[in-house]
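The exercises that follow ask you to read a structure step by step, with a worked solution after each task. Please keep the sequence and the model in view as you go.

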Amino acid sequence: MHIAEGVLSLPVLVTGGAVAALGTAVGLRHLDADTIPRAGVVSAALFAASLIHVRLGASSLHLVLNGVAGLLLGSAVFPAFLVSLFLQAVLFQFGGLLVLGVNTAVMACSGFAAGMAARFLLRRGTPTFVAGCIAGGGGLLGAALLAAAALAASGEAFGAGARLLLVAHLPLAAVEAAVGGCACTLLLRRFPDLFQ
């Protein structure tokens, strides 16, 4: 779900860039010797997951994994997404450099929010699979909502596209929820203190 170059208005680009810069600054402050390797692995997983595309009509969809990334990294999800999206823009022309801030803000904000919600539920005793489903599905739905809002804020001509973006990502949200639930269950079995 990359917003392409030349679509967004200047105020949306500036706002998205400011949010991404602030989130990345906070995320970098929370990176320590234990979190840096995890952030690298998560960033690589985000990059790899974006390369697996499923055709849907004239477009295609791919896993985002932003909610699971937010659960694993907290605020460090911002620099992880910045690196992943930068490499996608440079190597494969997904998105672009001018919209890098907006794309980072869309993915990382929703991933952080969904990840923190799942972490809260885990602390309250919610089963890992359910919390992972909420992280996965919630992260994707939040990203779709933020991307649609960015499009809608850029002009009335993009209103229909924003609605279509939301509808197109509903089936993928169910897949993301299932993948998030399975991934979190597997990770918690292997690394019991990972979500602490």
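## Exercise 1: Two helices in contact

Task: Find which residues of α2 meet which residues of α3, and work out how the two helices are oriented.

Solution. T35, R38, A39, V42 and L46 of α2 meet A69, L72 and L73 of α3, where contact means heavy atoms within 4.5 Å, and where helices (H or I, at least four residues) and strands (E, at least two) are DSSP runs numbered from the N terminus. Sorted by class, this contact has six nonpolar residues, one polar and one charged; Ala, Val, Leu, Ile, Met, Phe, Trp, Tyr, Cys and Pro count as nonpolar, Asp, Glu, Lys and Arg as charged, and the others, Gly among them, as polar. Next comes the geometry: α2 and α3 pack at an angle of about 175°, and their axes are 10 Å apart, the axes being lines fitted to C-alpha atoms, for helices over the stretch in contact, with angles that run from 0 to 180 degrees between N-to-C directions. The angle therefore makes α2 roughly antiparallel to α3, a label for angles over 145 degrees, while those under 35 count as roughly parallel, 65 to 115 as roughly perpendicular and the rest as oblique.

Before going on, note that this is a predicted model, in which local features need pLDDT of at least 70 and side-chain atom pairs count only at pLDDT 80 or more, whereas totals for chains, interfaces and linings use all residues. Residues are numbered from 1 along each chain as its sequence is written, and side-chain values use heavy atoms, with hydrogens and water left out.

## Exercise 2: The surroundings of α3

Task: Determine how many residues of α3 are buried, and what covers them.

Solution. Eight of the eight residues of α3 are buried, so that the helix is mostly covered; buried means under 20% relative accessible area, exposed over 50%, and partly exposed in between (1.4 Å probe, protein chains only). The buried residues are N66, G67, V68, A69, G70, L71, L72 and L73, and what covers them includes α2, α4, α5, α6 and α8. After the helix comes G74, whose phi is positive, near 65°.

Now step back to the loop between β2 and α3, where L65 is found. Its phi is near 60°, a positive value in a residue other than glycine. Most residues other than glycine have a negative phi. L65 counts as buried because its relative accessibility is 18%. L63 lies in this loop between β2 (59-62) and α3 (66-73) as well, but L63 counts as partly exposed because its relative accessibility is 25%. Leaving out residues up to four places away in sequence, L63 touches A49, S50, I52, L172, V175, E176 and V179.

## Exercise 3: The nonpolar core

Task: Which helix gives the most to the largest nonpolar core, and which residues have the most contacts inside it?

Solution. The largest nonpolar core has 43 residues, and those with the most contacts inside it are I3, L8, L73, V77, F81 and V102; such a core is a set of buried Ala, Val, Leu, Ile, Met, Phe, Trp, Tyr and Cys residues joined through side-chain atoms within 4.5 Å. At least two residues of this core come from each of α2 (35-49), α3, α4 (77-92), α5 (100-123), α6 (128-153), α7 (159-168) and α8 (170-190), and α6 gives the most, with eight residues. In soluble globular proteins, nonpolar side chains tend to be buried together. As for I3, its contacts, not counting residues up to four places away in sequence, are L8, G95, V99, V102, N103, A147, A150 and L151.

## Exercise 4: Buried or partly exposed?

Task: Classify S84, A173 and V26 by accessibility, giving the helix of each.

Solution. S84 is found in helix α4 and counts as buried, because its relative accessibility is 1%; its contacts, leaving aside neighbours within four places in sequence, are S43, L46 and F47. A173 has its place in helix α8 and is buried, with a relative accessible area of 8%; beyond residues up to four places away in sequence, A173 touches G137, L140 and L141. V26 has its place in helix α1 (residues 10-29) and counts as partly exposed, at 35% relative accessibility.
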